[in-house]
Amino acid sequence: MLTYTLRRLLLAIPTLLVISLVIFLLVDFAPGSPMSQIPLTVPPEVRLKIIAAMGADQPVFLRYFLWLRQFFWVEPLYAIDHLLGTSLAGDAQRIVSWQSRSPVFSIIAERIPQTLTVIGTAYLIGVLIALPIGIYSAYRQYSWFDQLGTFIAMIGFSVPTFFTGVLLIIIFSVGLGWFPTFYNTTLQITDWASFKQQVLQMALPVTVLALFNAAEISRYTRSAMLDNLTQDYVRTARAKGMSERVVVLRHVLRNSLIPVVTVIALGVPSIFGGAIITEQVFKVNGIGAALISAINSSDLPMVQTLTFIFAILIVLFNLIADILYGILDPRVRYD
Amino acid sequence: MKLKTALLGAACAFALAPAAFAERGTDGEVKLTFPQAVSILNPYLSNGTKDVYAASMIIEPLAGFDTSGVVIAKLVTEVPSVANGGISEDLTTITWKLIPGLKWSDGSAFTAGDVVFTYEYCTHPEGGCASLSKFDGIKTVEAVDDATVKVTFTAPKPNPFNAFVGSQSPIIQKAQFAACIGAAAPTCTAQNFGPIGTGPFRVTGFTVDDTVSMDANPEYRDPAKPAFATAMIKGGGDAVGSARAVMETGEFDYAWNTQIAPEVQAGMTAAGKGAFVVAFGTLVERIEINLTDPSADLAEGERSTAKHPHPILSNFDVRKALSMAIDRQTLVDVGYGAGGAATCNMIPAPALFTSDNTGCIAQNMAGAKALLDGAGWKDSDGDGIRDKDGKKLSILYQTTVNPIRQDFQALIKSWWTELGAEVELKAIDPGVFFGGDAGSPDTFQKFYADVEMYANNFDGTDPEVYLAGYTCNKAPSPDNQWQGENINRFCDPAYDAMLVELSATRDDAKRGEIAKKMNDMLTKDSMTIIPLVHRGTLSAHSNALGGVAINAWDSELWNVADWFRVK
């Protein structure tokens, strides 16, 4: 297992390098220019100077190698400096956003907390809702509970979040006035009152996203359970006189979880990626909102760095899912 | 003795009573929301309106503009003029006298050295300063003494109120930005996110593209202001969400740029919690005509250049007919509601420069058809499309991807089709259209289409720079990497001559006359530009917020120091 993990990790390096080049070229050759953000009242010669000051007029491969150096060398040095109080990086140029002229990693650090709180909570709640629904739906297939579960899952899966989000805002914020429509990122939790405020402002976005996540995972759980419930070993277990509880929750569930765990693990990178639309609707201003605003303003360093971080997370969680698979299913051996 | 003390006490109580009504920091927090979040608080590195407006609460220029576009003193004792000796007789110098004893929010003294530094900061060749053109034509900026700044121009300057005037050229503190000059400018993150200023508020927290937190500046020059103790600007979301937070849920006091559909505006106003306010500046949504041939049959480098006049649109009657067929009021009703007005001018304001040209407002379809008939454009082959000399009246009409613009395209297409033209529509991503990439065929400068629609405006109250964009030498072409404002490739020596005359004219009334004539030359006399809608900026404020006076000539938040809580 260890050699397998090491081999996979080593293999990930060239994969990620190729991914970074592809992303860089795609982002760079995509139409659009940071110049479009400069008002028309700024004369052309001033525009050219602004672009030159950003370094956006340099040849593409020069910018790529500069970015690689910044990402893999300068930024880790800054991280070490930040943690240990050293000054290894000196004044080397960091990856800087064209839009705000601020280091991309400090923007990410500013935004990770709200993204993880909102999207992470929604994912966790989604999983916690989905598992019991999926298990019971499969156990009582075609019962009214199963039908209802299927119905809600279909709604959660097929109705887009920009619709459910706005619908909830109109009912619960505009109509009833229970929840705020803006997420306050500067809120500090110091006492019960501010904790209540935090819960209130998280309620709507978490509901929207949890519904969406639960829909997907409950369907996977249900079908995995159904596959296993008809297996011979289930009949054997029952014949041995085990209680239904043990049969379902120990024998069937454990075997059914293998594909479900993979799905859940592969969904984790999307927590870090944020939820572009939901963040926009509730003004959570996390990573997803940063990505979309960077794309809109052709802020290439920001788009490039964010997408590359997502690529790293996806490669990493694929590996984690594979390893978990081996742990959960003793038949799977990688050596 | 006792009586005297009591009387003194009573006198003091009376003297203090009015102050109690207007005291700094008594009204709690004012909350603003911008649909586009604030990225940076240094306008010299951004020029995005959101950033300039947010920064205007913190850093201030020497003088600003009031709601009617008149220059008002901010950090100076009076607005310089020839009469008070602030502007020299030959119009080559302007002398600003700073308010004595003025302090930065950190308590240090505000001096002429800071103003000189601001000039050096923005004009540094490697700084990439976005407001560089504000400092055009300046020879020197010098500190005569600590409280006097003298600006010398290279030539007589009829309108010297560019540098240090208006929210785009505020004064930054020398002590704070001294190490941030030139190429180092973008690396000064802490300074760019937390400039020290003289404005009513100072920064206490900044998260990029999200929230600006501020509190009242303890050193603000009016001890009774601002009424609010703290302020915050939350960004993100969309215009509808921002408007809703002010007009329906009451979470925010003020929302900037709530450009939403007219029927949604009406619904939100009905909720009774706030009001929409609109400021009409100089922004005009227009159709620009390509006077050169954009045909793909021409060689690259010759397409859309002055070498090949446009086969159809070179004809004045065709251009005029296209304008006559448009019902501008319908466009306003569909797209902007209270936030727009039909116009025939490319300079819609201020009044001094606005021509009385209103002939295009009423739609005249019959007249347009007659005009084309008279010019020989007839449907000779019965396919419903007019033609002449074997050329069909076929038009490629491009604009950016934007719901209102697509509505406009559809409406105008229906009118032009009725007129007998064949219209093909094209919508381009705004990042590409305005991106100015010389390699892309879809930039508005390259103009590989017959007509294109977008909005343009000019800064401040004087249109000279704006009008200067339409001279022959400003036409984008391969020779200048497709840069230039004269995207129509309009070229009239008489126009160029008038521009020279305008820049040499000092008398305001005379300048107005010339600008109006130039406006007419581009619009009704040549139909090079077909203005459609004079667009305002629509913002929303809560009924609980007092003192809002929306301003199109400066930052919308220009008088934020005067805002108060309605109780």
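This passage walks through a predicted two-chain model, from its confidence scores to its helices, its sheet and its chain contacts.

In this predicted model, local features need a pLDDT of at least 70, side-chain atom pairs count only at pLDDT 80 or more, and totals for chains, interfaces and linings use all residues. Residues are numbered from 1 along each chain as its sequence is written, while chains are lettered from A and ligands numbered from 1 in the order in which they are written.

The model scores ipTM 0.81 and pTM 0.84. For chain B, the average pLDDT (the predictor's confidence in each residue, from 0 to 100) is 88, and 96% of the residues score at least 70. Residues 5–20 of chain B are a stretch to read with care: there pLDDT stays under 50, and the model has 1 contact beyond four places in sequence. A contact here joins two residues whose C-beta atoms, placed from the backbone, lie within 7 Å.

In chain A, helix H7 (residues 192–229) and helix H9 (residues 244–273) have axes that come within 8 Å and cross at roughly 145 degrees. Helices (H or I, at least four residues) and strands (E, at least two) are DSSP runs, numbered from the N terminus; axes are lines fitted to C-alpha atoms, for helices over the stretch in contact, and angles run from 0 to 180 degrees between N-to-C directions. The residues that meet include A:Tyr220 and A:Met225 from H7(A), and A:Pro259 and A:Val263 from H9(A). By class, the residues of this contact divide into 10 nonpolar, 4 polar and no charged. Ala, Val, Leu, Ile, Met, Phe, Trp, Tyr, Cys and Pro count as nonpolar, Asp, Glu, Lys and Arg as charged, and the others, Gly among them, as polar.

Chain B holds an open sheet of 3 strands, ordered E4-E6-E5 with antiparallel pairing; strands pair if DSSP finds at least two bridges between them. Strands E4 (93–97) and E5 (138–145) each have a single partner strand, so one side of each is left without a neighbour in the sheet. Between E5(B) and E6(B) (residues 148–153) there are 6 bridges, and B:Glu142 stands opposite B:Lys150 in E6(B). Helix H3 (residues 112–123) of chain B packs on this sheet, touching E5 and E6.

Turning to the two chains together, 47 residues of chain B are in contact with 43 residues of chain A. Elements giving two or more residues to the chain B side include strands E7 (201–207) and E8 (211–216). That side divides into 13 nonpolar, 24 polar and 10 charged residues.
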